[in-house]
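Biologist: Please take me through one part of this model in detail. I would like a close look at a single strand and its partners, then a word on the ligand shell.

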Amino acid sequence: IRILAYESSCDETSTSVVKNGREVESLIVATQIKSHQRFGGVVPEVASRHHIEVISQITKEALQKANATWNDIDAIAVTYGPGLVGALLIGVSAAKAASMATGIPLIGVDHIMGHIMAAQLTAEIEYPALALQVSGGHTEIVLLKDPTHFEIVGDTRDDAAGEAYDKIGRVLGVNYPAGKTIDEWAHQGNDTFHFPRAMMEDDDYDFSFSGLKSAFINTCHHADQIHQELNKFDLAASFQAAVVDVLAHKTIRAIKQYQPRTFIMGGGVAANRGLRERMEEEIANLPHNIKPKVILPDLKLCGDNAAMIGAAAYNLYQDHQFADLTLNADPSLELPYADSMLN
Ligand code: ATP
Ligand code: FE
Ligand code: MG
């Protein structure tokens, strides 16, 4: 089964051909980061304009690089939410047009299901699995009952982890998106500031990062007022230690409760070296009978890309979950919450 996948939910336009949900035959990622950097974040109108400029060209490129023609494609997959509505609509329209012209079936994919399924491109996931989804707009602990049924067991109450990185990055004068640079700086400093670890000892699986962000910003402003120079490496290390502590602590507790066979990380922040090392170390220390298999996606598959959409779409294909030409963008699409969370 060969799937041509589209991703255009934010500031990356991407196409990919994925075989059997496991093998990336081609992957094109056209990033717009440079166009948004001067604004310090993604400008929706600018994003849509860039998506429409490149999407036809990168459709051809993905097919060419995979040595495929439309005749070799069994399904066309596209991210239909969550994300920026104008950005999503470009991918959805392109996928629908291709499906209508060729008669190839269409599959709509949740962007977050896609991030989580990037792991399937690295190794085989055994179910039930548990995922820590950490990205620019999401920080969630997700239970995967099988390849197509996911439930949120923990969520952020305010900022997402990636968003917090980008916001404190701005205070340090780091270009958007700041996560990668802060991660590098963190490895050159020490946790000397001891920022708060919000909700760490609560017995739910929820997160909060806005207090940490405020504490960080206040520390910087205060130093500024008294003309004191703070070490940026120590600031980065202290921020990252607080984020990683909370994420690791709650995720390990969820692993102990749900006892998944596989643990996965997904999303842009899953590229974080400190977080990857910490999760591997903590899981290695778990008792043998509850130690899950760990799958961390390739660094290049953590950020937005169409290969992860192709991987998730393969599972939906196996489950006969097709879309029709009424498929629309859903900017606030959400995975369901676990039943226990509803009361
Ligand atoms: P979502 O997927 O939630 O809709 P998004 O698509 O904008 O949001 P991604 O593209 O998955 O998010 O991830 C981008 C985020 O990842 C940015 O906030 C960026 O700063 C962060 N990020 C990237 N690399 C790292 C890293 N090494 N450490 C921490 N954060 C990182
Ligand atoms: Fe994303
Ligand atoms: Mg992005």
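Modeller: What follows centres on strand E7 and then turns to ligand 1. Keep in mind that this is a predicted model.

Start with the setting. UniProt, in an unreviewed entry, lists residues 26-310 as "domain: Gcp-like". Over that range the chain is 46% helix and 16% strand. Its end C-alpha atoms lie 11 Å apart.

Now the strand itself. E7 covers residues 139-146. It is mostly covered, with six of its eight residues buried.

E7 has a partner in strand E6, residues 129-134. The two run antiparallel and share six bridges. Within this pair, alanine 131 sits opposite valine 142 of E7. Four residues separate E6 from E7, and the two strands form a hairpin.

E7 also pairs with strand E8, residues 149-155. This pairing is antiparallel too, again over six bridges. Here glutamate 140 has aspartate 155 of E8 as its bridge partner. The hairpin from E7 to E8 passes through two residues. As a rule, side chains in a regular strand alternate between the two faces of the sheet.

Next, the ligand. The shell around ligand 1 holds 24 residues. Gly136, Gly137, Gly162, Gly179 and Gly268 come nearest. Three helices each give two or more residues to this shell: H4 (111-117), H5 (161-171) and H6 (179-186). By residue class, the shell divides into 13 polar, seven nonpolar and four charged residues. Glycine counts as polar in that tally.

How values were computed
Residues are numbered from 1 along each chain as its sequence is written. Chains are lettered from A and ligands numbered from 1 in the order in which they are written. This is a predicted model: local features need pLDDT of at least 70, side-chain atom pairs count only at pLDDT 80 or more; totals for chains, interfaces and linings use all residues. UniProt positions are given in the numbering used here, feature names are shortened, and annotations may be inferred rather than shown by experiment. A residue is buried if 20 or more other C-beta atoms lie within 10 Å of its own, exposed if 12 or fewer, and partly exposed in between; C-beta atoms are placed from the backbone. Two strands pair if DSSP finds at least two bridges between them. A residue is near a molecule or strand if its C-beta atom, placed from the backbone, lies within 6 Å of it.
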